[in-house]
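Thanks, everyone, for making the time this morning. I would like to walk through one model with you, going from a single residue outwards, so please keep the viewer open while I talk.

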Amino acid sequence: MSSGADSAVFGRSSATLSTASHGEGVYLYDTDGRQYLDGSGGAAVSCLGHSDEKVRAAIHGQLDKLAFAHTGFFTSEPAERLARKLIDNAPGDIARAYLLAGGSEAVEAALKLARQYFLEIGQPGRHRVIARRQSYHGNTLGALAAGGNAWRREKYAPLLIEVSHIAPCFAYREKHADESLEAYGQRAANELEAEIQRLGPDSVMAFIAEPVVGATAGAVDPAPGYFQRIREICDAHGILLILDEVMCGMGRTGSLFACEQDGIAPDIVTIAKGLGAGYAPIGAMLASERIYRAIADGSGSFQHGHTYHGHPLAAAAGGAVLERLVDDGLVAGVPGKGDRLVQALQARFGQHPHVGDIRGRGLFRGVELVENRETKAPFEPSRKINVKVKKAAMAEGLICYPAGGTVDGKSGDHILLAPPFIINDDQIDELTDKLGRAIDTAI
Ligand code: PLP
């Protein structure tokens, strides 16, 4: 079946979805035998490509031993191994890992943990969350409320908890021409201070942000010093800093956690996508010693849970992925490959009349498409340039992740690139060539 028109799966309403058949290295194949270079790892998921031997063996081995044991009764060896390895490799004083089935679940758990922490330490007045307009934190109600994507929130607005949204740190769009990058970063971060003052510092429990913004903006990396100032502000007011690394974490930007490059550590950090690398649905919420200790010494347990949290099969997959990323040196290779990708993108699009910005870190890159390169004017949203690029890229045999303008109506269409870490130089050139043809066809 190559058309989704008579699909029995309740999902996207597209009548043009191909049916995926199998994967090999950086390529996916459909049932019509067409090959696609996975230039975005789906949505920054498939960091190891589609046929990793070690991860497949780990899943098979675990399945032969134990598929499931409810966490109300047991922990499991793969869950313990994965949690330990995550803690050992996390920044700051992360003390515990809570294993879930994906990114939205991890964000929900983070918000609830933050609330419980303040109850445990006797500050029940703290319940407000501050986030950023240019953000996506997931599709469940708490995560959707935290996110700033207007289009995704619109229909469900009456169901969402109140969250304040401050400006993102987005130099291409927001920095004044006569301002240094550093000064802009401080100005953007200080919006948090102003919002805390507006709400009343004693009512705020957490600030949540993606260190490098993914789906809503196309790999927008922060200005130098931005997150250090954010950390300072959170500390000054006793507010928890939740970093959402669901998309940018697990080596995608060149370090296992993206925030390592900003010289800060979170109180809570969420991860998912690259942790399962597409081999299993898994996410995690990691919490610092201070938070863990407050609960351990207080009520004794985090009041949360899902049937499938800590699933042994998913944990075995995540453990093997982490070994590949850390022990087998795949993350260490990301900065070099990222540089190679940027060079190829600059060579192809550096002077392109409709490419306004090429940005990001490591193998997490964004290409912003604009009507006018000089004025940065975006395309009219009704032209749906991002949808056209996606379609043209699929026809070229390339998967890339396009999105439209969602930032205060100012940002334009962009393409997110997040190829597997095993991509080689020839495949990087193939990606760039195909993307170039797709953009030229679409515009
Ligand atoms: N947080 C971020 C930063 C994301 O990019 C996403 C998904 O794109 C999520 C959370 C939600 O993750 P999931 O789709 O696994 O629920």
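Let me start at Ala-317, and with the caution that this is a predicted model. If we set aside the neighbours within four places in sequence, Ala-317 is in contact with Val-55, Ala-58, Ile-59, Gly-276, Tyr-279, Ala-280 and Ile-282. Ala-317 is also one of the residues that touch the most other members of the largest nonpolar core, a set of 139 residues, and it shares that standing with Ala-114, Ile-268, Ala-284 and Met-285. Where does this core lie with respect to domain 1 and domain 2? It lies between them, because both domain 1 (20-52 + 331-442) and domain 2 (56-327) give residues to it.

That brings me to the domains themselves, whose bounds come from the domain assignment of the chain, with domain 1 in two segments, 20-52 and 331-442, and domain 2 covering 56-327. Their C-alpha centres lie 25 Å apart, and 33 residues of domain 1 are in contact with 36 residues of domain 2. On the domain 1 side of that contact, the elements giving two or more residues are α1 (41-44), α13 (334-349), β11 (355-361), β12 (364-369) and β15 (413-417). By class, this side of domain 1 has 16 nonpolar, 9 polar and 8 charged residues.

Next, two helices. Helix α12, residues 312-327, has 16 residues and reaches 21 Å from its first C-alpha to its last, which is close to the 22 Å expected at 1.5 Å a residue. Of those 16 residues, 13 are buried, so that α12 is mostly covered, and just after α12 we find Gly-329 with a positive phi of about 80 degrees.

Helix α4, residues 103-120, has 18 residues and reaches 25 Å, again from first C-alpha to last, close to an expected 26 Å. It is mostly covered too, with 14 of its 18 residues buried, and just after α4 Gly-122 takes a positive phi of about 80 degrees.

Finally, the ligand. Which element gives the largest share of the shell around the ligand? That is α4, with 3 residues. In total 16 residues surround the ligand, and the closest are Gly-102, Gly-103, Ser-104, Gly-138 and Val-246. By class, the shell around the ligand comprises 7 nonpolar, 7 polar and 2 charged residues.

Technical notes. Residues are numbered from 1 along each chain as its sequence is written. This is a predicted model: local features need pLDDT of at least 70, side-chain atom pairs count only at pLDDT 80 or more; totals for chains, interfaces and linings use all residues. Helices (H or I, at least four residues) and strands (E, at least two) are DSSP runs, numbered from the N terminus. The expected span of a helix is 1.5 Å times one less than its number of residues. A residue is buried if 20 or more other C-beta atoms lie within 10 Å of its own, exposed if 12 or fewer, and partly exposed in between; C-beta atoms are placed from the backbone. A residue is near a molecule or strand if its C-beta atom, placed from the backbone, lies within 6 Å of it. Ala, Val, Leu, Ile, Met, Phe, Trp, Tyr, Cys and Pro count as nonpolar, Asp, Glu, Lys and Arg as charged, and the others, Gly among them, as polar. A nonpolar core is a set of buried Ala, Val, Leu, Ile, Met, Phe, Trp, Tyr and Cys residues joined through C-beta atoms within 7 Å. Domain bounds come from an automatic or database domain assignment. Two residues are in contact if their C-beta atoms, placed from the backbone, lie within 7 Å.
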